[in-house]
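Got the viewer open? Let's take a walk through this structure, one selection at a time.

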Amino acid sequence: FQLHSSTGMYSVGLHPCYLDGCNENMIIVEQIATDPRVRAIGECGLDRFSTTPLEQQSEVFLKHITLAKRLRKPLIIHCVKAFDEVLQLLKAEQIDVPVIFHGYNKRVDIARRVLDEGYYLSFGRAILNFSSPAASVLKTLPADRFFLETDAASISIEEVYGKASEIRNTELDVLILQVQENFKRVFKHDD
């Protein structure tokens, strides 16, 4: 829970699969989140495969939503088999900061619901499989609504960008510039 580097940008949050000591840890998250290097809150959300009860996950997720709104920082969502619940909570809490669903690999109809709410999708390893749901969604997604990631997978970000360029039938340089623009808009970053 410490930021050791004087450079770089971070997000901070409690993953729904690791909520032991969540009350004490949420206090620490709230303290760290005020650091200007922390550009987003999360990854947080709901995960039906977690051993933590969904009710407890929801309580912690609501705290993250409140924190993101208070600090005016984007919210990075981890969502596994709980899209209905996550979308309902975001709507009920009237989230008014950018929301990014990370590691997206679901059907087009779910992506449409997320996009209809004005949220963003982030893609990683799943797009390396050209027949994955993620690749199908990325192919037709508006250019200003996505990000790319590795999520600590044993792949390089260059591989992800290369495959995204191929899927979208877009020159790599054009894709890189688009993701940079998306980043600047969502994370209010001028570099």
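Start by selecting Asn169: just after H6, this residue takes a positive phi of about 55 degrees. Keep in mind as you look around that this is a predicted model. Asn169 sits in the loop between H6 and H7, and it is not a glycine, despite that positive phi. Why does that deserve a stop? Most residues other than glycine have a negative phi. Is Asn169 buried or exposed? With a relative accessible area of 73%, Asn169 counts as exposed, because the cut-off for that is over 50%.

**Back along helix H6**

Now select residues 157-168, which make up helix H6. How far apart are its end C-alpha atoms? They are 16 Å apart, and that agrees with the 16 Å that 12 residues should span at 1.5 Å a residue.

Next, pick out the buried residues of H6: Val160, Tyr161, Lys163, Ala164, Ser165, Ile167 and Arg168. In an α-helix there are 3.6 residues a turn, so residues three or four places apart point the same way. What do the buried residues of H6 pack against? Show strand S5 (120-123), helix H5 (133-140), S6 and H7, and you have their packing partners.

**Into strand S5**

Stay with S5 and select Phe123, which is found in this strand. Phe123 has a relative accessible area of 0%, so it is buried. Leaving aside neighbours within four places in sequence, its contacts include Ala134, Val137 and Leu138, along with Phe146, Phe147 and Leu148. Val160, which you just met among the buried residues of H6, is also in contact with Phe123. For a distance to try in the viewer, go from Phe123 to Ala111: their C-alpha atoms are 12 Å apart, with the two positions 12 residues apart along the chain.

Move to Ser122, also placed in S5. At 5% relative accessible area, Ser122 is buried. Which side chain does Ser122 meet in a polar contact of 2.5 Å? Select Glu149 to see the partner. Then go from Ser122 to Phe146: 24 residues apart in sequence, these two have C-alpha atoms 5.4 Å apart in space. Other contacts of Ser122, beyond its neighbours within four places in sequence, include Ile100, Phe101, His102, Gly103 and Tyr104.

**The second largest pocket**

Keep His102, Gly103 and Tyr104 selected and add Asn105 and Asp151. Of the 18 residues lining the second largest pocket, these five are the closest to its centre. About 370 Å³ of space lies in this pocket. Its lining has eight nonpolar, six polar and four charged residues. Which strand gives the most to that lining? Select residues 75-80, strand S3, which contributes four residues.

**His78 and its partner**

While S3 is on screen, zoom in on His78, which is placed in that strand. His78 is buried, because its relative accessibility of 11% falls under 20%. Its side chain is joined to that of Glu43 by a polar contact of 3.0 Å. Besides Glu43, His78 is in contact with His15, Pro16 and His102, among others further than four places away in sequence.

Follow that polar contact over to Glu43, found in strand S2. Here, look at the backbone: the peptide bond from Gly42 to Glu43 is cis, with omega near 15 degrees. Most peptide bonds are trans.

Then hop to Lys81, in the loop between S3 and helix H3 (83-92). Lys81 is not a glycine, yet it has a positive phi of about 55 degrees. With a relative accessible area of 51%, Lys81 is exposed.

**Last stop: the largest pocket**

Finally, select Ile76, Phe147, Leu148, Phe183 and Phe187. Among the 19 residues lining the largest pocket, these lie nearest its centre. Strand S1 (10-12), strand S2 (38-47), strand S6 (146-148) and helix H7 (172-187) each give two or more residues to the lining. Which of these gives the largest share? Colour H7, which supplies four residues. The lining divides into 11 nonpolar, four polar and four charged residues. As for volume, the largest pocket has about 470 Å³.

Conventions:
Residues numbered from 1 in each chain as written. Predicted model: local features only at pLDDT ≥ 70, side-chain atom pairs only at ≥ 80, totals over all residues. Heavy atoms only, no water. 1 Å grid on protein atoms, 1.4 Å probe; cavity = no way out; pocket = protein on both sides within 12 Å on 5 of 7 lines; lining within 4 Å. Points joined across faces, edges and corners; volume = space filled by probe spheres on them. Nonpolar A, V, L, I, M, F, W, Y, C, P; charged D, E, K, R; others polar. Expected span 1.5 Å × (residues − 1). Buried < 20%, exposed > 50% of the residue type's maximum accessible area, 1.4 Å probe, protein only. Contact = heavy atoms within 4.5 Å. Polar contact = N/O pair within 3.5 Å; in protein donor to acceptor, adjacent residues only side chain to side chain.
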